[in-house]
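Please work through the exercises below with the sequence and the model open side by side, and try each task before reading its solution.

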Amino acid sequence: DLKSIDVFVASTPDEYQYLTESPAYRVGRKEVRLTGLPRFDVLLERSRATTEDERDLIVVMPTWRDYLVGAMGASSDDRGTLDDFASTPYATRIAGLLNDPRLREAAERTNARIIFMPHPNMKPYLASFQLPDGVEVRSYADTDVREMIVRARLLITDYSSIAFNAAYIGTPVMYYQHDRNDYFVGHTERPGYFDYMTDGFGPVVEDADDAVRTAISIVTDGAQPEFTDRMDRAFPARDGRNRERVYQAMLEARTKRPLNERLTAWPADQLSSSPARP
C-alpha cells in the first residue's frame, strides 16, 4: 500500500525520476529518495578487495519463468515442476549456450570457470539441465551471491535485476534474451522505464550462437565503452555512502517541519559524481 510508505528508496536517477513523475505511483520527492541501495556499499567494499586475478568467473544467472513453475508451496522457492522441462525452449536454449565447446575453450584459455546459477524458483530443475563437465552448478542456498558478482569476469543473465549489482561495480554484462516475446506475455514482469536495448549494461542477444560469440568477445577484450558509459550514468556516485543516505532519509521522514516548509516543494535529490568505476 503506497499510502503507508514513509521512505521509498531509489537506486538510480532514472528510477527516481520514473517513481516521482509516473502516474503509476502516487508518491513524490518527499517519500522517494535517491540514496542508492545499502547492499551496494558492501558489494563495493568486496569488489575493491578483489584482485584482477581473482575475477575468474563466467557467471550465467538467468531468472525464472512464471509459466514454467507450478503453484507455490510452503515458501516462494517451493514450486511444482513440469515433467517435460528439459525439452522446453527455456531449458534447451540455456543448455545450448552452456554446452557450446567454444565457450568452454575460451574459459580455459583465459583461466576462467563457468558458473551456472539460475534463480531460486528454478531450483527444482537443476538436475534437469544437461550440462557438460566444466560447468559448475550453484544454488542460492549454498553460494554467496556477492562473491559470484565480484569475481565475475562476465555476468550473463536475461532480465534479472542482478545486472544492476554487477553494473554498480563495473562487471561486464550480457543479456541472453532468447524468449523476449514469450517472457513479457507469460511472466510477471512488464516493461517499465528501463529499456534493455537503450539502457542495458551490456549487449542483448537472442540466440545461442550470438550469445557464445558475444561472451567470448567480452571475456577476451572486456566491455565496450558504450556499456561502461551506461553504468557510469546509472550510478554517478559510487562512494560507499548509500547506507548513510538511507539512514538520513529515514530520520528526515520522522522530522516535523514548520507549515511554511511543508508547503514548499521538496527539492529533487541529486547524486554527485565520483570516479567512473571502482
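The exercises that follow concern a predicted model, and each task is followed by a worked solution.

**Exercise 1. Describe the setting of threonine 157: in which strand does it lie, is it buried or exposed, and what does its side chain reach?**

Solution. Begin with the secondary structure, where threonine 157 is found in strand β6, a run that covers residues 152-157. Next, consider accessibility: a residue is called buried when its relative accessible area is under 20%, and threonine 157, at 2%, therefore counts as buried. Then follow the side chain, which reaches the backbone oxygen of methionine 61 at 2.8 Å. Finally, list the neighbours, leaving aside residues up to four places away in sequence: threonine 157 touches Met61 and Pro62, then Ile162 and Ala163, and also Met174, Tyr175 and Tyr176.

**Exercise 2. Which residues line the second largest cavity, and how do they divide by class?**

Solution. Start from the volume, since about 50 Å³ of space lies in the second largest cavity. Its lining consists of Val60, Pro62, Ile94, Leu97, Ile156, Thr157, Asp158, Tyr176 and His178, and Thr157 is the residue treated in the previous exercise as part of strand β6. Turning to the elements, α3 (89-98) and β6 each supply at least two residues of this lining. Sorted by class, the lining of the second largest cavity has 6 nonpolar, 2 polar and 1 charged residues.

**Exercise 3. How many cavities of 30 Å³ or more does the structure hold, and which element gives the most to the lining of the largest cavity?**

Solution. The structure holds 3 cavities of 30 Å³ or more, and the largest cavity takes in about 100 Å³ of space. The residues lining the largest cavity are Thr12, Pro13, Asp14, Phe164, Tyr193, Phe194, Asp199, Phe201, Arg230, Arg233 and Ala234. The elements that give two or more residues to this lining are α1 (13-21) and α10 (225-234), and α10 gives the most, with 3 residues. By class, the lining of the largest cavity divides into 6 nonpolar, 1 polar and 4 charged residues.

**Exercise 4. For the salt bridge between glutamate 52 and arginine 55, give the N to O distance, and decide whether each partner is buried or exposed.**

Solution. The side chains of glutamate 52 and arginine 55 meet at 3.2 Å, N to O. For the accessibility step, recall that exposed means over 50% and buried under 20%. Glutamate 52 has a relative accessibility of 59% and so counts as exposed, whereas arginine 55, at 13%, counts as buried.

**Exercise 5. Repeat the analysis for the salt bridges of glutamate 136 with arginine 138 and of arginine 241 with glutamate 244, and then name the residues linked in a network of salt bridges.**

Solution. In the bridge between glutamate 136 and arginine 138, the closest N and O atoms are 3.4 Å apart. Glutamate 136 is partly exposed, with a relative accessible area of 26%, and arginine 138 is partly exposed at 22%. In the bridge between arginine 241 and glutamate 244, the closest N and O atoms are 3.0 Å apart; here arginine 241 counts as partly exposed at 42%, and glutamate 244 is partly exposed at 38%. As a last step, look beyond these pairs: a search of the whole structure finds 24 salt bridges, and Asp100, Arg102, Asp209, Asp210 and Arg213 are linked in a network of salt bridges.

Note on methods
Residues numbered from 1 in each chain as written. Predicted model: local features only at pLDDT ≥ 70, side-chain atom pairs only at ≥ 80, totals over all residues. Heavy atoms only, no water. Helix = DSSP H or I, 4+ residues; strand = E, 2+ residues; numbered from the N terminus. Buried < 20%, exposed > 50% of the residue type's maximum accessible area, 1.4 Å probe, protein only. Polar contact = N/O pair within 3.5 Å; in protein donor to acceptor, adjacent residues only side chain to side chain. Contact = heavy atoms within 4.5 Å. 1 Å grid on protein atoms, 1.4 Å probe; cavity = no way out; pocket = protein on both sides within 12 Å on 5 of 7 lines; lining within 4 Å. Points joined across faces, edges and corners; volume = space filled by probe spheres on them. Nonpolar A, V, L, I, M, F, W, Y, C, P; charged D, E, K, R; others polar. Salt bridge = Lys/Arg side-chain N within 4 Å of Asp/Glu carboxyl O.
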